[in-house]
Amino acid sequence: MQPALQPQIATLRRDGFVVARNFVPDDALISLRGVALRELAARAPPLELEADLKYPGAPQSTDAAGGRTVRRLLDAYGRDPVFAHWGVAPGVRAWMRAYFDEDVLMSRAHHNCMMTKHPRYGSMTGWHRDIRYWSFEREDLVSVWMALGEETSDNGALWFVPGSHVMTFGEVQFDDAKFFRLDRPDNAEIVRAAVSPRLDPGDAVFFHCNMLHSAGQNRSDAVKLSLVYTYHG
């Protein structure tokens, strides 16, 4: 393992997430944002719409006000070479190799996307674990979330429950869609420990697939953009 990465890897293993400051340089941010805004304007498929998800705060249908609001630009890796480069960039490759200590593969099935959150119609994401998206013999996947702009609790930033990636939960603590049930007092007590790290443009957050996390609505006047990939050994 590269010595410089040891503290970050240790924090991830302990807390389930870690922030890497200034992970994406300024020139790359300009390129990534340019491609993202171009693709959003073109509405180039494949897309996922807020109305498709029906999360709290989302438009009720594609015919409703804001019903064509994009949630994710899917298949980021195959969408544009600028996106693809950051899926396999030396910094990402070194980080994942240090964590897994074996050959590393990218998941193309989920979190291979440019995540967007729009003002007014960007919905809330309930508490969940991302392992619900995959079925692996070993539940050990790590996502990298690269902030292309400022991310705060005011524009829909991520919230995490530190240490929840090693907690054991029963099926009854989740609903049918695998969201953590906040109507249960024991669950509500767990999420009271949540924190929301502020991300500056170019910061990245690495988090484990069993980390309990959520995200609020975007109360700002600008679209929030984040490039997200997930890896496994």
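**Exercise 1.** In this predicted model, find the bridge partner of T125 in β10, then work out how the surrounding sheet is ordered.

*Solution.* Start at T125: its bridge partner in β10 is A215. Next, look at the two strands involved: β6 and β10 (residues 213-215) run antiparallel and are joined by two bridges. Now widen the view to the open sheet, where three strands follow the order β6-β10-β8 with antiparallel pairing. Its edge strands are β6 (125-128) and β8 (158-160), each of which pairs on one side only. Finally, check the twist: neighbouring strands here are turned by 15 degrees against each other on average, direction ignored.

**Exercise 2.** Classify the ring pair W95 and F206, and place both residues in the chain.

*Solution.* The aromatic pairs number 11. For W95 and F206, the ring centres are 3.8 Å apart and the planes meet at 5 degrees; since the cut-off for stacking is under 30 degrees, this pair is stacked. Then locate the partners: W95 belongs to helix α6 (residues 90-100) and F206 to strand β9 (residues 204-208), 111 residues apart. As for burial, W95 is buried at 1% relative accessibility, and F206 is buried at 0%. Lastly, follow the ring pairs outward: they link W95 and F206 with F23 and W86 into a cluster.

**Exercise 3.** Decide whether Y99 and F100 are stacked or edge-to-face, and whether each is buried or exposed.

*Solution.* Their centres lie 4.7 Å apart with 90 degrees between the planes, an edge-to-face pair. With relative accessibility of 7%, Y99 is buried; F100, at 8%, is buried too.

Definitions and conventions: Residues numbered from 1 in each chain as written. Predicted model: local features only at pLDDT ≥ 70, side-chain atom pairs only at ≥ 80, totals over all residues. Heavy atoms only, no water. Pairing = 2+ DSSP bridges. Helix = DSSP H or I, 4+ residues; strand = E, 2+ residues; numbered from the N terminus. Axes fitted to C-alpha atoms, helices over the stretch in contact; angles between N-to-C directions. Phe/Tyr/Trp six-rings, centres within 6.5 Å; stacked < 30°, edge-to-face > 60°. Buried < 20%, exposed > 50% of the residue type's maximum accessible area, 1.4 Å probe, protein only.
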